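Q: Please give a close account of the part of this model where protein and DNA meet. Which residues and helices are involved, and how do the two chains share the task?

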2 protein chains.
Amino acid sequence: MATATHQPKSDKREAILDAALELFVERGFYGTAVPEIADKAGVGAGTIYRYFDSKEALVNAIYRQQKMMFAQVTLGDFPATAPTREQFRTFWMRMAQFATAHPKAFVFMELHHHQRYLDADNVALEQRMLDMFSTVVVQAQTKGDLKQGPPRILMGIVMGAFVGVIRSCAEVDQTLETADWKLAEQMLWEAIRA
Amino acid sequence: MATATHQPKSDKREAILDAALELFVERGFYGTAVPEIADKAGVGAGTIYRYFDSKEALVNAIYRQQKMMFAQVTLGDFPATAPTREQFRTFWMRMAQFATAHPKAFVFMELHHHQRYLDADNVALEQRMLDMFSTVVVQAQTKGDLKQGPPRILMGIVMGAFVGVIRSCAEVDQTLETADWKLAEQMLWEAIRA
DNA sequence: TGTAACGGAATGAACATTCATTCCCCTAAC
DNA sequence: GTTAGGGGAATGAATGTTCATTCCGTTACA
């Protein structure tokens, strides 16, 4: 009826983003043909170009969407004054929640991290997030809650381990239980605590 | 002279492997054109096909070469009877040594891990290595040296963290000092110890 | 009926691979 | 010592294919 049934902004745009995300994760950017994306999304190849200027613009749109969603879930309303131990638990479990809700998103972000086709905005976005994390780490180190050492390394270990956990299970098509996430969280905390 | 002066087995084959490794790391498999590889290797495009049946065969040859070298460096003459703590240190530092000597190799193996174009031999090779590590982890858990939990998760954390450390530094073009590796080793040990 | 969104065949560029040709080096005849 | 010949390695232009993107006839909605 009338104006109501119009749309959730655009059926097709979402379908294209979803299909492309999945294919990019499976086959990579260059390994995925635009008509394949169109097929999976259930639209014509030309339709993709009504919503995105190019294949490159499409991958950048996905990257930005996922990164922002990730930032929102993990950092939104962050308990800035809580003890470091609790902050870490919160952060880790929010990442776990995000990874469960959007299983492909993490792999996508890992895979496309620092690729030639990411535009300047996305590179800057990435940098801003790194800086934010870095600040938090340094503060916690100053308080004596985390081990000393280059923040880069602490962050690399935590994020790397998180991705490692996801991958180790994706490889065998197993889902991670909350208990697994809690175990991993405890392990990583013991790694970084002072 | 006679047979002696023949060659270093083949100049060109090595040049092709090296060039391809570097380009695949930078741009991925599908993002790299065969003539580009030829250019970088300083050979004609056709020459590549004298040494490898196809682009796919080339990437598989690199994968196997790197994986075997990695296995050799990390597992060769492994101190099977040493205490777990020492085994872990040995393993970690050997990985660090490998990553330092072959900076691209790690990134390559990560990137190409479980891609469609890996042949059956390479998939099997990967599986065999995983099983080996898994056995070692289970043994150490039985001895009460490592935390209980799915071996998959322990391995995922260790390998993921290792890659995370490498990447966190590659991103800023910084090299890792021995001190950094030791710090990371200590952190990871605290993560997995019982 | 007019308009905007859509589909998918058409297009031109870029690619992996091939193959006719060149190049290089070794041997042997003189 | 020189040169002619042969054979395998190397080459890169040519080939057929695949791809991102465009274009235009069709559709659906107002």
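A: The account below takes the two DNA strands in turn and then turns to the relation between the chains.

The model is predicted, and every distance quoted here is computed from its atoms.

Consider DNA strand D to begin with. This strand is surrounded by 16 residues, and the closest are A:V34, A:Y49, A:K55, B:G44 and B:T47. Of the atoms of DNA strand D that come within 4 Å of the protein, 68% belong to sugar and phosphate. Three polar approaches to phosphate oxygens of this strand can be described. In chain A, an N or O atom in the side chain of A:Y49 is 2.6 Å from a phosphate oxygen of DNA strand D. In chain B, the side chain of B:Y51 places an N or O atom 2.8 Å from a phosphate oxygen of DNA strand D. B:G44 takes part through its backbone, where an N or O atom lies 2.8 Å from a phosphate oxygen of the strand.

The secondary structure behind this surface comes from both chains. At least two residues of the surface near DNA strand D are supplied by each of α2 (34–41) of chain A, α3 (45–51) of chain A and α3 (45–51) of chain B. The largest share, five residues, is that of α3(B). Sorted by class, the surface near DNA strand D holds seven nonpolar, six polar and three charged residues.

DNA strand C may be treated in the same order. Around this strand there are 17 residues, of which A:G46, A:T47, B:V34, B:Y49 and B:K55 come nearest. Sugar and phosphate make up 68% of the atoms of DNA strand C that come within 4 Å of the protein. Chain A offers two side chains to phosphate oxygens of this strand: an N or O atom of the A:Y51 side chain is 2.8 Å from one, and a polar side-chain atom of A:K12 lies 3.4 Å from one. From chain B, the side chain of B:K55 has an N or O atom 2.7 Å from a phosphate oxygen of DNA strand C.

Here too, helices of both chains contribute. α3 of chain A, together with α2 (34–41) and α3 of chain B, each give at least two residues to the surface near DNA strand C. The most comes from α3(A), with five residues. The classes of the residues near DNA strand C are seven nonpolar, seven polar and three charged.

The relation between the chains can now be stated. Chain A is superposed on chain B by a rotation of 180° with 0.0 Å of shift along its axis, at an RMSD of 0.1 Å. The two copies are therefore related as by a two-fold rotation axis. The same surface serves both copies, since 100% of the contact residues of chain A recur in chain B.

In summary, α3(B) gives the largest share of the surface near DNA strand D, whereas α3(A) gives the most to the surface near DNA strand C. For each strand, the surface also draws on α2: that of chain A for DNA strand D, and that of chain B for DNA strand C.

Conventions:
Residues numbered from 1 in each chain as written. Chains lettered and ligands numbered in written order. Predicted model: local features only at pLDDT ≥ 70, side-chain atom pairs only at ≥ 80, totals over all residues. Heavy atoms only, no water. Near = heavy atom within 4 Å. Polar contact = N/O pair within 3.5 Å; in protein donor to acceptor, adjacent residues only side chain to side chain. Helix = DSSP H or I, 4+ residues; strand = E, 2+ residues; numbered from the N terminus. Nonpolar A, V, L, I, M, F, W, Y, C, P; charged D, E, K, R; others polar. Least-squares fit on C-alpha atoms with pLDDT ≥ 70 in both. Contact = heavy atoms within 4.5 Å.
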